[in-house]
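Subject: The structure I promised you

Hi,

Here is the structure we talked about, with my notes underneath. Have it open while you read, and follow along residue by residue.

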Amino acid sequence: MSQLQVMTPEFPLKAIIHKRLGLPAAMPILLLLALLYRGLENLPHEIFGTVLFAPFGWHIAVNRAWFTNLFWGRYDTRRTFTLALHLLQITNVAVLLVASIVISKSALEFLPVSDSIYLRDVHWFAAYWVMIIVGAHVGLHWTRVMAMARTTLRLTPWNPARALALRAAACSRPPSDCGVASFWAYGTS
């Protein structure tokens, strides 16, 4: 018997969980790890930052219908704000990508591009704005994110104990300290 014939019914569910929840969850984790520049040194910082662009590209590809629907429908305040935020995020990530390629000292050192101290400031500035805008982006789509997670994981709509545990995890210190510690290390206090 081949391996395909003995697959369990859970296999498609595992693939869906990895695709629908794993990749989107990887983006903020990779972003937080990339922000730990002082704690991880340059090579891991560049590796996490470079790897971050793969799920970001996947996210754009999966949500490409958003781009095709830009010229359809009425624009109220929320839709206008969402459009501005998304366009700002795309522009900011593009600036971050270009600056990252130019100032790379480890992962892309083979590229014949001259370094610039000004681009380092642009890179630093864009990286922290990416973090802020990602938070706003997730906040705008939080209801959809939770509905997708609930459906994918086959959870009941409301469970007070689970809600409390998830809120405690979201407010835990280690994830929030990653960006704060790195921001503090750059002397912006």
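Before the helix pair, one bit of vocabulary: an axis here is a line fitted to C-alpha atoms, for helices over the stretch in contact, and the angle between two axes runs from 0 to 180 degrees between their N-to-C directions. Also keep in mind that this is a predicted model.

With that in hand, look at helix α5 (residues 77-103) and helix α6 (residues 117-140). Their axes come within 8 Å and cross at roughly 150 degrees. The crossing of α5 and α6 is left-handed. As for what the contact of α5 with α6 is made of, its residues divide into 19 nonpolar, seven polar and two charged.

Now zoom out for a second. The protein chain has nine helices and zero strands, so to speak in the pattern α-α-α-α-α-α-α-α-α when you read along the sequence. Out of 189 residues in the protein chain, 23% are buried.

Back to α5 and α6, this time with single residues:

- Isoleucine 90 sits in helix α5. The C-alpha atoms of isoleucine 90 and valine 130 are separated by 9.2 Å, while the two residues are 40 apart along the chain. Is isoleucine 90 buried or exposed, or something in between? Its relative accessibility is 28%, so it counts as partly exposed.
- Threonine 91 is also a residue of helix α5. Between the C-alpha atoms of threonine 91 and alanine 126 there are 9.6 Å, with 35 residues separating them along the chain. Threonine 91 has a relative accessible area of 48%, which means it is partly exposed.
- Isoleucine 132 belongs to helix α6. Its C-alpha atom is 9.6 Å from that of glutamine 89, and the two are 43 residues apart along the chain. Isoleucine 132 is partly exposed because its relative accessible area, 48%, lies between the cut-offs of 20% and 50%.

Next, go towards the start of the chain. Leucine 23 is in helix α1 (residues 10-34). Which residue should you look for across from it? Try tryptophan 58: leucine 23 and tryptophan 58 are 35 residues apart in sequence and 8.3 Å apart in space, C-alpha to C-alpha. With a relative accessible area of 31%, leucine 23 is partly exposed.

One last stop, on the surface. Which residues form a nonpolar patch there? They are Leu43, Ile47 and Val51, and together they have about 240 Å² of accessible area. Leucine 43 lies in helix α3 (residues 42-62). Its relative accessible area is 44%, so leucine 43 is partly exposed. A patch residue needs over 30% relative accessible area, and leucine 43 has 44%.

Shout if you get lost anywhere!

Cheers

Terms used
Residues are numbered from 1 along each chain as its sequence is written. This is a predicted model: local features need pLDDT of at least 70, side-chain atom pairs count only at pLDDT 80 or more; totals for chains, interfaces and linings use all residues. Side-chain values use heavy atoms; hydrogens and water are left out. Helices (H or I, at least four residues) and strands (E, at least two) are DSSP runs, numbered from the N terminus. A crossing is left-handed if the near helix is turned anticlockwise from the far one by less than a right angle, and right-handed if clockwise. Ala, Val, Leu, Ile, Met, Phe, Trp, Tyr, Cys and Pro count as nonpolar, Asp, Glu, Lys and Arg as charged, and the others, Gly among them, as polar. Patches are made of residues with over 30% relative accessible area and no salt bridge: like charges are joined within 9 Å, nonpolar side chains (Val, Leu, Ile, Met, Phe, Trp, Tyr) within 5 Å. Accessible areas come from the Shrake-Rupley method with a 1.4 Å probe; for residues, only the protein chains shown count as cover. A salt bridge is a side-chain nitrogen of Lys or Arg within 4 Å of a carboxyl oxygen of Asp or Glu. Buried means under 20% relative accessible area, exposed over 50%, partly exposed in between (1.4 Å probe, protein chains only).
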